[in-house]
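User: I'm new to reading protein structures. Could you walk me through this one, a feature at a time?
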Amino acid sequence: MLNLLLRYINLMVLTIAILVIISFSLAYMFPGDTLTNISGIVPQSNEQRVALEAVFKLDRSIFVQFWYYLENLISGDWGVSSSSQVSLLEEISIAFPATIELITYALLVSIFVGIPLGFIGGIWHHKPFDFGVVTFSVVSYSFPVFWLALIFITIFCLQLGYLPLSGRVNFLYDIPHSSGFILWDIMRADIPDKKDAFLDALRHLILPTASIALVTTAIFIRFTRRSIMDEMNKGYIEAAKSRGFTTKQIFFKHGLRNSLLPILPLMAMQISTLFTNAMVVETIFSWPGIGNWIIQAIYQRDYPAIRIGMLVVSVFVVTLTITIEFISRAIDPARDKFQRGAV
Amino acid sequence: MNPNAQLRIIKSAILLSFSLILMLGCSKQKTQITQAGITFCSEGSPASFNPQLDTSSTTADASSHQIYDRLLEFNTDNGEIEPGLASSWLVSNDGLTYTFQLRKGVEFHDTPYFTPTRNFNADDVVFSIDRWRVASHPYHEVSGGSYPYFQSLGLKNTIKDVTRINGYRVEISLYKPDSSFLANLATDFSVILSAEYGMNLLAEGSPSNIDVLPIGTGPYKFVSYRKDQFIRYQRHSDYFLDTIGPEHLVFDITPKSSLRVAKLITGECDAVAFPSQNDLEIIRNRDDLTLLERPGLNVGFWAFNTSKPPFDNPKVRRALALAIDNTSLLEAVYLGQATRAKSLVPSASWAYQPNMQDTGYNPVTARKLLDEAGIPDNFTMNIWAMPVQRAYNPNAMKMAQLMSTYLADVGVTVNIVSYDWARFRENLTAGMHDSVLIGWSADNGDPDNFYRPLLTCAAIPSGTNRAQWCNPEYDALIESALKIEDSDERRIFYHRANQIIFRETPLVPIAHAYQYQAVNNQIEGLTINPFGGIRFDDVVRK
């Protein structure tokens, strides 16, 4: 077990180290002044340039520079955005929770819709309802996310006018930023029309959540349906049936648990898919999350922001993937690695 | 569990969730705060909250008429100058001394970052003007130290001194008479800052905050700003005028024009800036939206390089002007979103001459004039078409193509030339063109802002006189017009200048383009301010 843990930590540290090296070298590879790419500040005078170079150790060898770069990363001193001159750590700590919030709700929707539908389809497979479920999952799996988002906007916002098409909440509600999760912040906020603000935030959430949840729901349906079909056709289920248990008893006692266990890690892996889809959908719905933020940084050639944004997102995905992989190995060590889905 | 029971549960769950969505969706909310507030979708982030530092209309929209007041204001209907923070003013007989009587009891904004201890007085006026005027002023170098509007007009060299006579009286003395001086004080850029706030910030050692966390006397207080996201304002409850504007004002920064219009349709914006030409029809066709339009303070024209033969011959310029059917250009290029220009100033200016004669369209006379001037039948010239879109010319390339077919009718062959914008202007200033399609947008209601930069001799080196045309008679008229205060008398000079332009045809005025704003029908009182930034002090929600 310890061996396994060490192996995974090793993998994670190495991957992150490579990412940090890439992000460091980006400061040199991006066009323009390396000092500006690292600090986000365009020096106004020669004295300022010298002072900044001393701060970022640009006058020292590349290894010393890298060491200080690492130190700054760890201490949270990530430089400033060259377009807004606001600290990158601050900007990311506002944008990142917005994305996490979006994928959390999408994940919840996918779990509570996808898994039950998958079970029903799997248990009564090749029945009309199952065909319906399979059709639904194939169709929604095939939609490109950005296209779906645009169709949603056309129908629900522009044609019917039911739902708003951009942002997290009407800007007239001045919600103080604390956790970064809008619904939670509204509940905690000390504002007069809390209930209206909450409903308004919910209305803003529906379309972006639906656009990214649909694909993941389709994937969850297929995983669960396949898994329950395999499980319910195993020998021990047949044996249970012959001993006179009802389908209901068999399903809840054995089928549910045994079929969920192997697919849970697969589902957790979908978080990174969800994350990438969220980044696409954010730009369409002007959701102020990390994806939208990076796209804006690219438009404005804000190299410090692109560099740090890329690092934060990739470290997040790598950490998440490796952690899930480790947990699934740890809780279910019996299956060998060939049965488990590859990372 | 039997399958049917399961199906029933699923069905009811689906129904429930759909009805929940519909319930959330259909109830278009009319809550207290959305009733009391107005959301304006603007096109970009302001560079700062001080329009002295920037001539872009985005900065002016976000600050000039929200946060600040000026000594004088333009009447948005007729462009006349009205009292602002100055309740009255006196001009000495020689036109060199201006005395302003200031309004009493005007309060500055009380915000979490500044609590004023005194009302507006003469010190604030001296502080605000000296900031851009006096190089040794403690705030002159703050936030870059560049004041483009005042620099372009050379106001530093016009003003001799700004002195405080008493707490509510200020005297400004000039080196030479300048009748556009009052108009310059009424532009978006001549805002009045708080001297007390400035001193406090200096003591705290954070002077640059004056342009980031602004304090003014205007109808709205600054609340918060996040770049590329929003600007929040709150009504200044002690504003010196009775305003009926909304309690809360939000600028939702949306750079994409199609997205702004989409948000207007869904009701997320109450008003939008700069709807694109393609979206105008959509807005007009909707019953719940109104498209505001009015002729803007701009002019699009076709200028000849009069320093180059044969364009130094007025007869040739006249002939070429007669060969073009301007009315069809208005329809094809401006899609009807412009009015025909006969002289430099549009009808929004007081110097507009309604009875001005038109060059007209007459290819036969054009050919005759060309023959008289000795221009052969296969004469070739170039038309430079500017590579960017502007309100005064949304598609110069298309216009040039249309013009080339007209000119072909009178036996003139046209080569259309275009470069990237920076090189285009560089080569224009160098005088490499035969003729050019370009235009001008003014920043104040004063006609001098059109006549001087576009056609005077002094404007040739600075690059705004695209015709490279220098006429002493015209220059004398423009100079004398500036020495006179009375606008009726000044108008006569400008009308005489129009006659010279008509006779000499250094350029062919083509169009004054409309300005557009789109609003939700629930909003009342929003108008287009032809003299600059948007104003919300009289806007209400029905």
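Analyst: Sure, let's start with a single residue. This is a predicted model, and Arg301(A) is a nice place to practise. To judge how covered a residue is, count the other C-beta atoms around its own: 20 or more within 10 Å is buried, 12 or fewer is exposed, and in between is partly exposed. Arg301(A) has 13 other C-beta atoms within 10 Å, so it comes out as partly exposed.

User: And where does Arg301(A) sit in chain A?
Analyst: Look in the loop between helix 12 (290-299) and helix 13 (303-331) of chain A. Then find Ser82(A): 219 residues separate it from Arg301(A) along the chain, yet their C-alpha atoms are 8.6 Å apart.

User: What is the secondary structure of chain A made of?
Analyst: Helices: chain A has 13 of them and zero strands. Written out along the sequence, the pattern is α-α-α-α-α-α-α-α-α-α-α-α-α. Its C-alpha trace spans about 85 × 55 × 35 Å along the principal axes. Of the 343 residues in chain A, 36% are buried.

User: Which domains does chain A have?
Analyst: The domain assignment gives domain 1 (8-75) and domain 2 (88-299). The centres of these two domains of chain A, taken over C-alpha atoms, are separated by 38 Å.

User: Now chain B. How many helices and strands does it have?
Analyst: Chain B has 18 helices and 20 strands. Its C-alpha atoms fill a box of roughly 95 × 80 × 40 Å along the principal axes. As for confidence, chain B averages a pLDDT of 86, and 94% of the residues score at least 70.

User: How does the radius of gyration of chain B fit with a compact globule?
Analyst: The idea is to compare the chain with what its length would suggest. For 542 residues, a compact globule would have a radius of gyration near 24 Å; chain B has 27 Å, which agrees. You can also ask which residues meet. Among contacts in chain B with a separation of 6 or more, 70% are between residues 24 or more positions apart.

User: What should I look for inside a protein like this?
Analyst: In soluble globular proteins, nonpolar side chains tend to be buried together. Here, 46% of the 542 residues of chain B count as buried. The largest nonpolar core has 214 residues, and Ala323(B) and Leu437(B) touch the most other members. Leaving aside residues up to four places away in sequence, Ala323(B) touches Pro363(B), Ala366(B), Tyr406(B), Leu407(B), Asp409(B) and Val410(B).

User: Which domains does chain B have, and how many residues touch between them?
Analyst: The assignment for chain B gives domain 1 (68-214) and domain 2 (298-515). Their C-alpha centres lie 36 Å apart. In chain B, 15 residues of domain 1 are in contact with 13 residues of domain 2. On the domain 1 side, helix 6 (residues 181-186) of chain B gives the largest share, three residues. That side divides into six nonpolar, seven polar and two charged residues.

User: Last one: how many residues of each chain are in contact with the other chain?
Analyst: To read an interface, count the residues on each side, then ask which elements supply them. Here 30 residues of chain B are in contact with 27 residues of chain A. On the chain B side, helix 1 of chain B gives the largest share, eight residues. By type, the chain B side has 13 nonpolar, eleven polar and six charged residues. For the whole model, the scores are ipTM 0.80 and pTM 0.77.

Terms used: Residues are numbered from 1 along each chain as its sequence is written. Chains are lettered from A and ligands numbered from 1 in the order in which they are written. Domain bounds come from an automatic or database domain assignment. Two residues are in contact if their C-beta atoms, placed from the backbone, lie within 7 Å. Helices (H or I, at least four residues) and strands (E, at least two) are DSSP runs, numbered from the N terminus. Ala, Val, Leu, Ile, Met, Phe, Trp, Tyr, Cys and Pro count as nonpolar, Asp, Glu, Lys and Arg as charged, and the others, Gly among them, as polar. A nonpolar core is a set of buried Ala, Val, Leu, Ile, Met, Phe, Trp, Tyr and Cys residues joined through C-beta atoms within 7 Å. pLDDT is the predictor's confidence in each residue, from 0 to 100. The radius of gyration is taken over C-alpha atoms; the globule rule is 2.2 Å times the number of residues to the power 0.38.
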